[in-house]
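Let's take a friendly walk through this structure, one piece at a time. Have a look at it first, and then read on.

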Amino acid sequence: MNKLLVSSSPHIGSSMTTDKIMKHVVIALIPACIAGIFVFGLPSLLVLIVSTGTCVLTEYLYNMLTKKPQTVEDFSAVVTGLLLGMNLPPTIPLYIPIIGGVFAILVVKMLFGGLGKNFANPAITARIFVMLAWTKAMTTFVQPIDYSQGFFNAMTSHFSTMFGGGVDAVSSATPLGIIKGSLNGGGGTISILNMFLGYTAGCIGEVSALALILGGVYLIVLRIIDWKIPVLFILTSAIFALIFYDNGIMYVLPTILGGGLLLGAFFMATDYASSPNTSIGVIIYAIGCGFITMLIRRFGGYPEGVSFAILLMNLVSPLLDKYLRPRVFGVARKKPFAKKE
Amino acid sequence: MKATFRFGIHPDDKKDRTKDLVAERLLPDEKVYIPLSQHIGAPCEPVVEKGDKVRAGDMVGKAKGFVSANVFSSVSGVVEGIVQRECVSGQKIDHIAIVNDGKYEEKNMPVLTNPTSQEIIDRVREAGIVGMGGACFPTHVKLSPNKPIKYLIINGAECEPYITADYRLMMEQGKELVEGILLLKKALQAEYVYLGIEDNKPLAIEEMKKHSEDLIKVVPLKTKYPQGGEKQIIYALTRLQVPRCQLPMDVGCVVDNVGTAFAVYQAVKRGKPCYERYMTISGGAVKNPKNYIVRTGMPYEDIIKRHEVTDYIKAVCGGPMMGLSLPNLNAVVTKGTSSLLLLTKEEIRETQPSACINCSRCHMVCPMNLMPMMIDGYMKKNDLEKAEEYDPISCIECGSCAYVCPARIPLVQSIRLAKKLIKERGSKQS
């Protein structure tokens, strides 16, 4: 007779595994990456490749040097690398994604114990790190490629600029920069349609709202991310805009479509390790993310606050988990299960 | 909206292969081995000796104490003696070996035409009826609560994948089953009686509605695991929550499986003690899966001999979510055996755990709203005190957490260990 395997139940399990989850996240990020490459051209592709490559290589080398089991095949470093790249301006010098990638994987992820143990989202933390270190490079944005003369002409001029050492790309304000400016009496116009499609200045992965929503819905439908986080994050931001901007209704759509809000809400705030584990915790976390984002955008010095908001709420989530324990079935509501007397 | 509990999982139910197969009567080979312990509680005392002639229905082991249940011969023949055999847990226990003469002469108890509540309870006790859903708790104990019972809940959820034993019972013995349920109701003097059936069995729901004639409220339940969990089905049907560490009767409920209700009918109206049951043989390695009416004491290997079987690496007694995996097929059918599954390598999920990614899936599916990842995390650090704060004692061990875990961490196994250590520590202190 065959040798029988004896183990404790359950004997079956769902087919969803860690690497599959991460691969789905990569698939969900692809539309936004393509949009970014289309809008900003080859440099953005390079940034994405360099940041992703750095992240994977860093994890690989770390595991090798510390003689730990190899974990790169779980694809989480790819996700981090892509997210980091997507959070950078297309014309960033390439040493920045390299330093950012090493920081994200080595400092934020591996030194804290690897996947699942990171206290904050590695991509967000790395973005903030490079933002504070190289503020100018991180806040210089370029105009999208001008496709009005046709795709072929646009590409010809794009490549000749890149390789021919031609004129520098024209720097441009992001929609949120324009809004921030207008609060201080500046001018400029923004197009909601362009923001929705992604034809504006900004970071590589954040420009196309359409592509981000596609990816986000994909993850929600597959139940890979908790819908509550993006929905409440975005809703809170919209309500904040409605209340705290003069003529707030005009600011609702730019608030949602502009900057990294969608990228952050769907893909960064939903990071498993750094978001709370309980339903109630998740609700507070998501509302907090939206609220802090808008506090910075409306009253702070930066035009954009998504990364700071997510990082701050990342740091709060262990507390939320600690104090907002779910009520165990059959335990009275008033007396939550506490320490034994 | 369908009655249900909160959270839970949706495993592939795999019932299609057997659900339409009428249960066949399976007669044992030349020998049966009746275990003296087929229930929770004290093992029975043997009341036969080597050489005794017995008939099917003759008592061979007498209950010792209140929480215990008589065991009966399932065939007619001659007692060969008491032998030690492995039971499903791998432990060696006493079995009464009986040489089957193939005549199946029966010894029945007198039929009770219009029994009183007490007469029903006494008969259930005499007939050795236990929870046929798999828990095997002696039914007469449940029928003697020290609190008034408002709701009798009959569990026809059959939420474990593969198994179609209860389904076949409902399809084939609807009328008798209804009588059995009403006997249980009378025994308990319950006000209401609900029969909960998952909605992936629409024909059974229809069949039971047809026979129940409004005497029993047949309620379709959402198909979701563990809908048939005792606390879950009570909540689904009555919205009552059984308080932590308390029993269903503390909220005025008693839950019995459909198989148990049918056994009660058999005992009272046919005078037949508990030695037969519905059982499913399935799993990917079984080419011709079947539903059977089996007799207790028949070794699994004798059953599998009659099937065409391909390579399997796990034999599971009970469902794949909560059943026991067997080291061999030496164990025999008992009163609580609802199925035997031979699973292939592709069907089972081996646990090669990777790091917890903190995705919260285990918490999100936990029907008790526990946080398995926290308990497991602290157990890995050998911090039982901290693990206990997350209340492992409330765990019903349904295995949903381990089922969904994308890192394949054996979560429920870790919680079981926590429960065991807490109980051991408790008994040491007292």
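## Where the chains touch

Two residues are in contact if their C-beta atoms, placed from the backbone, lie within 7 Å. By that rule, 50 residues of chain B are in contact with 32 residues of chain A. Strand 15 (314-317), helix 12 (400-404) and helix 13 (411-429) of chain B each give at least two residues to the side that touches chain A. Helices (H or I, at least four residues) and strands (E, at least two) are DSSP runs, numbered from the N terminus.

## About the model

This is a predicted model, in which local features need pLDDT of at least 70, side-chain atom pairs count only at pLDDT 80 or more, and totals for chains, interfaces and linings use all residues. Residues are numbered from 1 along each chain as its sequence is written, while chains are lettered from A and ligands numbered from 1 in the order in which they are written.

## Helix 4 of chain A

Helix 4 (residues 95-109) of chain A has 15 residues and reaches 20 Å from its first C-alpha to its last, close to the 21 Å expected at 1.5 Å a residue (1.5 Å times one less than its number of residues). At A:Phe103, helix 4 of chain A bends by about 25 degrees, the angle between axes fitted to the seven residues ending there and the seven starting there.

## Two helices meeting

In chain A, A:Cys33, A:Gly36, A:Ile37 and A:Phe40 of helix 1 meet A:Pro43, A:Ser44, A:Leu45 and A:Leu48 of helix 2.
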